[in-house]
Structure formats: structure tokens, C-alpha cells
Amino acid sequence: LFVVDNRDGFWLRNEGGPGPVEAFPLPDGISMLTSRNLSDNASPRVRHYLAQFEAASAPDPDSGDWATWETLMSSRETLPGEGPDGAMAILTDMGFETTSSSLIALPAPGRDLAPVWRFAAGIPTAGAYHPVALERLKATG
């Protein structure tokens, strides 16, 4: 689970059982979280997609340009020999699948801008993301 605001970000982990939930600061840059640890290359999704996100054009929330990331988020491509759960948009014949997807941009501290939330209901496909109306955040510094 990611927990973020426009200043700080953390990822949470519980390794099962009655153990505690641990919180770790997110590093700068792009990270991916699957059922494993943060950006863990043991995950075929991370091995295949993390470098693609790092190389992709960053979204431009001010102009509404999210095309590159929307395309990556809707990709069903997998590494050779990996099953469908190695894709970003998972669709299996067992009923396990991606059920929704969100892309969120938070304004930098001190900028009086509305956050941006783009949501795709169901398995994401190109063009499936739509804006969700949000209120403008008050600038606090």
C-alpha cells in the first residue's frame, strides 16, 4: 500500500500473521509495488515495466497529457514465459484480473492547484481513463 501526500510518501508492508505493519519512506523517482517488496525484481511485472516507466515521458497534468502512462498501465504484454499476471493490466481465464486503475497527480506544496485523478473502471484500456472531479487544495507552504 502506498500512503502519500504532496510532500511525503511511504509504502506499507505486513509480512503476514499477527506481525506489525511496517512503513518505509518512498525513494525519489519511480517505484512499483506488487505483492512483493518495493520495486522487487523478483516480480515479472517490475522486471518488465519499471524501466519502461522510468524511460517514458512523464505525464503533464496541466495539459491533460497522460497518454504514455495510460498506455503502459493498460498493457497486457508480459516477459517471455511469464503468465498473464506479469502484465500491467492483468486478465486471466481464472477470473483474476485488474478491476480498476488510477493515475493521480498532487500539486507541489505552495501551488494553488487542484489535484488530478484519472480513473479507469474495469481492466484499463487505452482511452478508458476519465477525470474525477476534485476540489482545489489550499496552499499551505
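How much space lies in the largest pocket? About 1,600 Å³. Keep that number in mind while you get your bearings; bear in mind too that this is a predicted model.

**Stop 1: the whole chain**

Start with everything shown as a cartoon. The protein has 141 residues, and 28% of them count as buried. Its C-alpha atoms fill a box of roughly 50 × 40 × 30 Å along the principal axes. Colour by secondary structure and you should find 2 helices and 6 strands. Reading from the N terminus, the order is β-β-β-α-α-β-β-β. If you like contact maps, here's one figure for yours: among contacts with a separation of 6 or more, 38% are between residues 24 or more positions apart.

**Stop 2: the largest pocket**

Now select Phe2, Val4, Ser31, Trp69 and Ile104. Of the 38 residues that line the largest pocket, these lie nearest its centre. To see where the walls come from, highlight strand S1 (2-4), helix H1 (44-55), helix H2 (67-73) and strand S4 (100-105), the elements that each give two or more residues to the lining. Which of them gives the most? That is S4, with 6 residues. Colour the lining by residue class and you get 23 nonpolar, 10 polar and 5 charged residues.

**Stop 3: the second largest pocket**

Next, pick Thr34, Ser35, Arg36, Ser43, Pro44, Arg45, Asp85, Ile90 and Phe96, which line the second largest pocket. Its volume is about 170 Å³. By class, this lining splits into 3 nonpolar, 3 polar and 3 charged residues.

**Stop 4: helix H1**

Pro44 and Arg45 from that last selection are also among the buried residues of H1. Extend the selection to Val46, His48, Tyr49, Leu50 and Phe53 and you have the full buried set of this helix. Show H2 as well, since H2 is part of what covers those residues. While you're here, put a distance between the end C-alpha atoms of H1: they are 18 Å apart, which agrees with the 16 Å that its 12 residues should span at 1.5 Å a residue.

**Stop 5: the aromatic pairs**

Switch to sticks for the aromatic side chains. There are 3 aromatic pairs in the count, and two are worth a visit. Go to Trp11 and Phe24, a stacked pair with 4.8 Å centre to centre and 25° between the planes. Trp11 sits in strand S2 (residues 9-13) and Phe24 in strand S3 (residues 22-25), so this pair ties together parts that are 13 residues apart in sequence. Are the two partners buried or exposed? Trp11 is buried, because its relative accessible area of 8% falls under the 20% limit. Phe24, at 23%, counts as partly exposed.

Then move to Trp117 and Phe119. Here the geometry is edge-to-face: 6.1 Å centre to centre, with 75° between the planes. Trp117 is partly exposed at 29% relative accessibility, and Phe119 is partly exposed with a relative accessible area of 29%.

**Stop 6: a backbone oddity**

Select Ser39, in the loop between S3 and H1, and check its backbone torsions. Most residues other than glycine have a negative phi. Ser39 has a positive phi of about 50°, although it is not a glycine. With 23% relative accessibility, Ser39 counts as partly exposed.

**Stop 7: two long-range meetings**

Finish with a couple of loop residues and their distant partners in sequence. Asn6 is in the loop between S1 and S2 and is partly exposed, at 29% relative accessibility. Where is Leu106 relative to Asn6 in space? Their C-alpha atoms are 5.6 Å apart, although 100 residues separate the two in sequence. Show everything Asn6 touches, skipping residues up to four places away in sequence, and you'll get Leu106, Pro107, Ala108 and Pro109.

Last of all, click on Gly64, in the loop between H1 and H2. Gly64 is partly exposed, with a relative accessible area of 43%. Add Arg118 to the selection: Gly64 and Arg118 are 54 residues apart in sequence, with 9.7 Å between their C-alpha atoms.

Terms used
Residues are numbered from 1 along each chain as its sequence is written. This is a predicted model: local features need pLDDT of at least 70, side-chain atom pairs count only at pLDDT 80 or more; totals for chains, interfaces and linings use all residues. Side-chain values use heavy atoms; hydrogens and water are left out. On a 1 Å grid over the protein atoms alone, a cavity is a set of points where a 1.4 Å probe fits but cannot get out, and a pocket is an open set with protein on both sides within 12 Å along at least five of seven lines; lining residues have an atom within 4 Å of a point. Grid points are joined across faces, edges and corners, and a volume is the space filled by probe spheres set on the points. Helices (H or I, at least four residues) and strands (E, at least two) are DSSP runs, numbered from the N terminus. Ala, Val, Leu, Ile, Met, Phe, Trp, Tyr, Cys and Pro count as nonpolar, Asp, Glu, Lys and Arg as charged, and the others, Gly among them, as polar. The expected span of a helix is 1.5 Å times one less than its number of residues. Buried means under 20% relative accessible area, exposed over 50%, partly exposed in between (1.4 Å probe, protein chains only). Contact means heavy atoms within 4.5 Å. Rings of Phe, Tyr and Trp (its six-membered ring) pair if their centres lie within 6.5 Å; planes under 30 degrees apart count as stacked, over 60 as edge-to-face and the rest as tilted.
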